[in-house]
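This report walks through selected strands, helices and one loop residue of the structure shown below. Please keep the sequence and the coordinates at hand while reading.

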Amino acid sequence: MAAQLSQFGTISVAIVDQKDDRLLVGQADGIACRTIEMFQAYGFADQIIQEAYQVNEASFWKPDTEKPNQIARSSKVPDVADDLSEMPHLIINQARVHDEFLKVMKQSPIKLEPHYQRKLLGLEVDPSCGSSNEYPVTVKLERMVNFSQYTQEIETVKAKYVIGCDGARSSVRAAIGKELVGEPLNQAWGVMDVLLNTDFPDIRLKCLIHSNNEGNMLIIPREGGYMVRLYIELDKLKENERVARDQMTPDILIAAANRIMQPYSVDVKEVAWWSVYEIGQRITTAFDDSTEERAARVFLAGDACHTHSPKAGQGLNTSVMDTWNLGWKLAHVLIGRADEKILKTYSDERREYGQALIDFDREFSRMFSAKPKSAENPDGVDPAEFQRYFQLFGEYTAGVSIQYRPSLMVGKGQNQDLATGLTVGKRFHSAPVVRHGDAKPVQLGHCHTADGAYRVYAFAGNQEPMSARCGVKALCEFLANDANSPLKQFTPDDADPDSVIDLRAVFQQHHQSIERASLHPTLTPEKGRYGLRDYEKVFCVDNRPESSGGGKNIYDMRGINKEQGCIVIVRPDQYVAEVLPLNDHAGLSAFFNQVLVAV
């Protein structure tokens with residue numbers, strides 16, 4: 001959240017943390033494909049990919065048909081389906097992700113760094129929230145490092161908005177009178193990161209293990225080649241029973257793992273970290289403090305909104321998507337780019353997804369923890385059925401299945417047939433192209449940096465580029481000269497031409513067949529204090545032969561109409577807002593009139 005807000009340069013942001021310092025050991029270490037796409041927008045995806053363990057295959061184990069008290073491998077499947085994303089599924093220490101976001105903040109225009117060792121004591125919102133009170137939220141903090149044993153050092157902060165990213169026991173949530181509601185599953189699990197030796201053959205693969213009578217286990221290899229994370233099922237809890245953490249030890253977890261893995265065993269040399277937890281799915285009664293009388297001033301995100309088991313790896317991934325959804329919208333309101341009404345879409349969009357996550361996790365956890373189906377246990381779960389469920393929901397666990405409903409910020413998709421693979425309401429599905437200016441093969445989706453700008457992609461039809469019949473040229477003329485042009489209406493005079501709406505064009509012809517001098521000036525805008533031209537706005541399909549890594553045509557891959565082309569509007573958080581005919585200039589203006597404020 002802080003990393004996104006810090007990109008705008010004129011917003012005063014404070015990030016407050018009760019911890020003593022930066023995170024060193026993480027717990028939410030599984031990074032979904034969609035989250036890596038987000039990291040690309042913040043500029044550190046390559047670093048994370050280089051360091052992480054890449055999950056390529058999942059191995060399924062079930063009771064041996066001939067020796068039911070032992071396990072046997074049933075199958076191996078790809079962890080990520082082909083063309084699900086250009087990004088992999090990764091495992092990496094959560095602290096490394098924190099470090100990269102801290103770096104983004106520190107290197108931002110406002111040089112933002114956290115205020116550590118601050119405990120929230122209270123939060124109050126002026127009920128009037130009128131124009132007479134520019135900072136209606138009052139936050140009281142206690143400094144946890146106190147140099148006097150006799151006095152309590154209190155800090156008071158006045159804010160326009162507050163976002164509670166403070167976890168399942170959120171003090172911000174309690175302060176606005178919201179609570180988590182839901183039911184526990186009465187399941188206890190242990191988790192540990194270990195260095196070990198073993199005769200288990202798939203120790204460097206993601207493994208889902210069902211034993212006959214000893215419970216179930218999930219193996220997640222860690223980065224570096226040696227460490228492994230083990231999720232180990234413990235005894236089922238009774239109604240309202242809590243796991244006895246004071247009686248739990250690493251040795252108990254290791255013994256349980258060895259019982260589950262028979263005939264294989266693990267010889268643990270060192271335990272780097274361990275914990276036990278109970279599974280429960282809960283969601284907050286509201287994602288903000290809005291009422292019928294006033295708009296929201298306090299928002300909740302991440303575990304403050306929704307809690308669930310960690311086995312599907314959705315905690316961190318869902319949380320950072322919560323805050324990216326909210327961050328740019330809040331920034332647009334704070335800098336006067338958009339009206340406050342857009343903030344309501346945060347709760348509408350993310351609460352529906354949060355509930356879907358709870359429903360998915362409940363079924364996933366039930367199937368994972370159930371005993372395998374057998375003659376003695378006819379009500380159990382067939383391991384093959386569990387595997388099918390795992391594969392069926394691959395898009396969900398990868399984070400790419402989210403589709404926001406039509407709203408102020410998402411169109412109705414009435415022209416979806418012009419780009420069937422770029423679904424309105426879903427994230428922009430990247431594909432390879434060749435950048436015209438330097439002939440570099442790139443992913444088109446990597447244009448989406450976290451700068452708060454909308455992207456407008458003009459996919460050309462089959463006309464000669466920049467000819468009198470070219471729809472892209474007509475669009476550029478409209479954007480450059482018409483009084484109703486959203487570029488003219490919403491771009492401040494002192495800002496770069498692409499700072500609010502970033503126009504990009506994609507042509508079907510070979511990049512060598514288009515002369516740079518023929519491109520419309522709108523596609524080579526002058527930027528910065530020296531007015532330097534940007535030559536990275538125009539792309540062509542990848543016409544390279546397959547032997548050279550090409551052969552992937554974005555028009556074919558994403559179902560783009562080759563004859564007519566189309567316009568694709570993409571929100572600052574990479575979600576497709578609308579698909580329009582290439583000549584629908586009025587529709588383009590109408591969309592931005594809804595979401596932006598004229599300058």
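## Strand β7 and its two partners

In this predicted model, K140 has T156 in strand β8 as its bridge partner. Strand β8 covers residues 154–159, and six bridges join β7 to β8, the two strands running antiparallel.

Strand β6 (residues 118–125) is also paired with β7, again in the antiparallel sense, and here the number of bridges is seven. Within that pairing, K119 stands opposite E142 of β7. Strand β7 itself spans residues 137–143 and is mostly covered, since five of its seven residues are buried.

## The seven-stranded sheet

Further along the chain, seven strands form an open sheet with mixed pairing, arranged in the order β18-β17-β23-β20-β19-β24-β25. Its edge strands are β18 (440–443) and β25, each of which pairs on one side only. On average, and with direction ignored, neighbouring strands of this sheet are turned by 30° against each other.

At the β25 end of the sheet, β24 and β25 are linked by four bridges and pair in the antiparallel sense. One position in this pairing is V568, whose bridge partner in β25 is V579.

## Helix α11, between sheet and helix α14

Helix α11, made up of residues 471–481, lies across three strands, namely β19 (454–459), β20 (501–507) and β24, and it runs at about 165° to β20.

Helix α11 also meets helix α14 (residues 585–595): their axes come within 11 Å and cross at roughly 45°. The two helices are therefore oblique to each other, and their crossing is right-handed. On the α11 side the contact is made by A474, L475, F478 and L479, while α14 contributes H585, L588 and S589.

## Helices α2 and α7

Which residues bring helix α2 into contact with helix α7? The axes of α2 (residues 33–42) and α7 (residues 315–334) come within 10 Å of each other and cross at roughly 45°, which makes α2 oblique to α7. The contact is made by R34, T35, M38, A41 and Y42 of α2, together with L316, N317, V320, M321 and W324 of α7. In this case the crossing is left-handed.

Helix α2 is mostly covered, with nine of its 10 residues buried. The buried residues are C33, R34, T35, I36, E37, M38, F39, A41 and Y42, a list that includes charged residues such as R34 and E37. Directly after the helix comes G43, which has a positive phi near 95°.

## D573, a buried loop residue

Is D573 buried or exposed? This residue is found in the loop between β24 (566–570) and β25 (576–580), and it counts as buried because its relative accessibility is 2%, where the cut-off for buried is under 20%.

Leaving aside residues up to four places away in sequence, D573 touches R34, W324, N325 and W328. With W328 there is a polar contact between the side chains, at 3.3 Å. Two of these neighbours have appeared above, because R34 of α2 and W324 of α7 also take part in the contact between those helices. The loop that joins β24 to β25 thus places D573 against residues of that helix pair.

Key. Residues are numbered from 1 along each chain as its sequence is written. This is a predicted model: local features need pLDDT of at least 70, side-chain atom pairs count only at pLDDT 80 or more; totals for chains, interfaces and linings use all residues. Side-chain values use heavy atoms; hydrogens and water are left out. Buried means under 20% relative accessible area, exposed over 50%, partly exposed in between (1.4 Å probe, protein chains only). Two strands pair if DSSP finds at least two bridges between them. A polar contact is a pair of N or O atoms within 3.5 Å; within protein, one must be able to donate a hydrogen and the other to accept it, and residues adjacent in sequence count only if both atoms are side-chain atoms. Contact means heavy atoms within 4.5 Å. Axes are lines fitted to C-alpha atoms, for helices over the stretch in contact, and angles run from 0 to 180 degrees between N-to-C directions. Angles under 35 degrees count as roughly parallel, over 145 as roughly antiparallel, 65 to 115 as roughly perpendicular and the rest as oblique. A crossing is left-handed if the near helix is turned anticlockwise from the far one by less than a right angle, and right-handed if clockwise.
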